[in-house]
Amino acid sequence: MRKVAIVTDSNSGITQEMGKQLGIYVLPMPFTIDGKEYFEGITLSQEEFYERLVKDADIATSQPSPESVMDLWEEILKEYEELVHIPMSSGLSGSCETAIALAQDFDGRVEVVNNQRISITQRRAVMDAIALAEQGKSAAQIREQLEEEKLESSIYITLTTLKYLKKGGRITPAAAAIGTMLRLKPVLQIQGEKLDAFSKARTLNQAKATMLDAIRNDIESRFGGIHAHKVYLDIAHTNNYEEAEKFKAEIEAAFPGFQVGYMDPLSLSVSCHIGDGALAIAATQIHAG
């Protein structure tokens, strides 16, 4: 019997096919669209999601059912001694707390990581977990290390529209109207448990400059300094691949010696709240590997 399996959810940006290639398991996140349930990467593709989003479909996120989580764990534990489950941030979904409660019935064989990450930073945690498992660490040791490192990452996002923040009640209709009239581009931050406002800009170039400055400050003040090169830089976007490619070149020019690793679509669970056209940069401190 193999020792430690790694499980995550599709909020990590890891597709079912990628999961197979990495030798891990990916729990698909459920969505309700106009009253019908879909599962990310199974019955709902990125393209289909954005087609429905721009047509103003009624889209709601949900967490995996307890039955689907337990069924997956039980199947995995037929082949593995124990497993590490890495869900999206507890501050952005109830799925983490649910998983922690369910794990109590598995006699210590399931360790649920509450490391407060999502999208590309969650993916980085998964890659760290794989490396630690290959080093022979136990499920408990992997969970402990990932939770110790949970705040050692940041994501900054700029939006092209305020429509979805308004729709989700994250800003008032009046604020959305004023922001739209002034053509403001908000910059949001995900660090730890929350999606928060960080700054405002008038143009995409200003927004990108703001995000680069924020990442530079994080590297200097939190991640050992520019010259340490102990940081992964990644890009995420919502249906905005062309701008993401341009941003990649700008990031590599702004941070000589750093290479952009992943350039992934942002989690659909976040995309629901910010819409398409968004652009994001993430910094994650390097530990494993």
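Colleague: Which of the 29 residues in the largest nonpolar core touch the most other members?

Modeller: They are Phe31, Leu44, Phe49, Ile59, Ile155, Ile157 and Ile274. This is a predicted model, in which local features need pLDDT of at least 70 and side-chain atom pairs count only at pLDDT 80 or more, while totals for chains, interfaces and linings use all residues. Residues are numbered from 1 along each chain as its sequence is written, and side-chain values use heavy atoms, with hydrogens and water left out.

Colleague: What makes a set of residues a nonpolar core?

Modeller: The members must be buried Ala, Val, Leu, Ile, Met, Phe, Trp, Tyr or Cys, joined through side-chain atoms within 4.5 Å. Buried means under 20% relative accessible area, exposed means over 50%, and partly exposed lies in between (1.4 Å probe, protein chains only).

Colleague: Which elements give two or more residues to the core of 29 residues, and which gives the largest share?

Modeller: The contributors of two or more are strands E3 (30–33), E8 (153–158), E9 (185–191) and E13 (279–285), with helices H2 (46–54) and H11 (268–274). The largest share, four residues, is that of H11. Such elements are DSSP runs numbered from the N terminus: helices are H or I with at least four residues, and strands are E with at least two. Apart from this core lies another, of 24 residues, including Ile219, Ile226, Ile235 and Phe247.

Colleague: What does Ile157 touch, not counting residues up to four places away in sequence?

Modeller: Among the residues that Ile157 touches are Pro186, Val187, Leu188, Met211, Leu266, Ile274 and Leu279. A contact is defined as heavy atoms within 4.5 Å.

Colleague: How do you know that H5 is largely enclosed by the rest of the structure?

Modeller: Of the 16 residues of H5, 13 are buried, and the helix is therefore described as largely enclosed. H5 spans residues 119–134 and reaches 23 Å from its first C-alpha to its last, close to the expected 22 Å. That expectation is 1.5 Å times one less than the number of residues in the helix. Gly136, with a positive phi near 90°, follows H5.

Colleague: Why is Met70 called partly exposed?

Modeller: Its relative accessibility is 23%, and this value falls between the limits for buried and exposed, so Met70 is partly exposed. Met70 belongs to helix H3 (residues 66–76) and touches Leu102 and Phe106, leaving aside residues up to four places away in sequence.

Colleague: Why is His229 called partly exposed?

Modeller: The relative accessible area of His229 is 36%, which again lies between the two limits, so the same class applies. His229 is in the loop between helix H9 (204–222) and strand E11 (231–237). Beyond its neighbours within four places in sequence, His229 is in contact with Pro256, Gly257, Phe258 and Ile286.

Colleague: Why is Asp107 called exposed?

Modeller: Asp107 has 73% relative accessibility, which is over the limit for exposed, so that class applies. Asp107 sits in the loop between H4 and strand E7 (110–112) and, although not a glycine, has a positive phi of about 50°. Asn239 also is not a glycine and has a positive phi, of about 55°; at 47% relative accessibility, Asn239 counts as partly exposed.

Colleague: What makes an empty space a cavity and not a pocket?

Modeller: On a 1 Å grid over the protein atoms alone, a cavity is a set of points where a 1.4 Å probe fits but cannot get out, whereas a pocket is an open set with protein on both sides within 12 Å along at least five of seven lines; lining residues have an atom within 4 Å of a point. Points are joined across faces, edges and corners, and a volume is the space filled by probe spheres set on them. A search of the whole structure finds two cavities of 30 Å³ or more. The largest cavity has a volume of about 60 Å³, and helix H4 (residues 95–103) gives the most to its lining, with three residues.

Colleague: What is the volume of the second largest pocket?

Modeller: The second largest pocket has a volume of about 250 Å³. Of its 17 lining residues, the closest to its centre are Gly13, Ile14, Thr15, Glu40 and Gln46.
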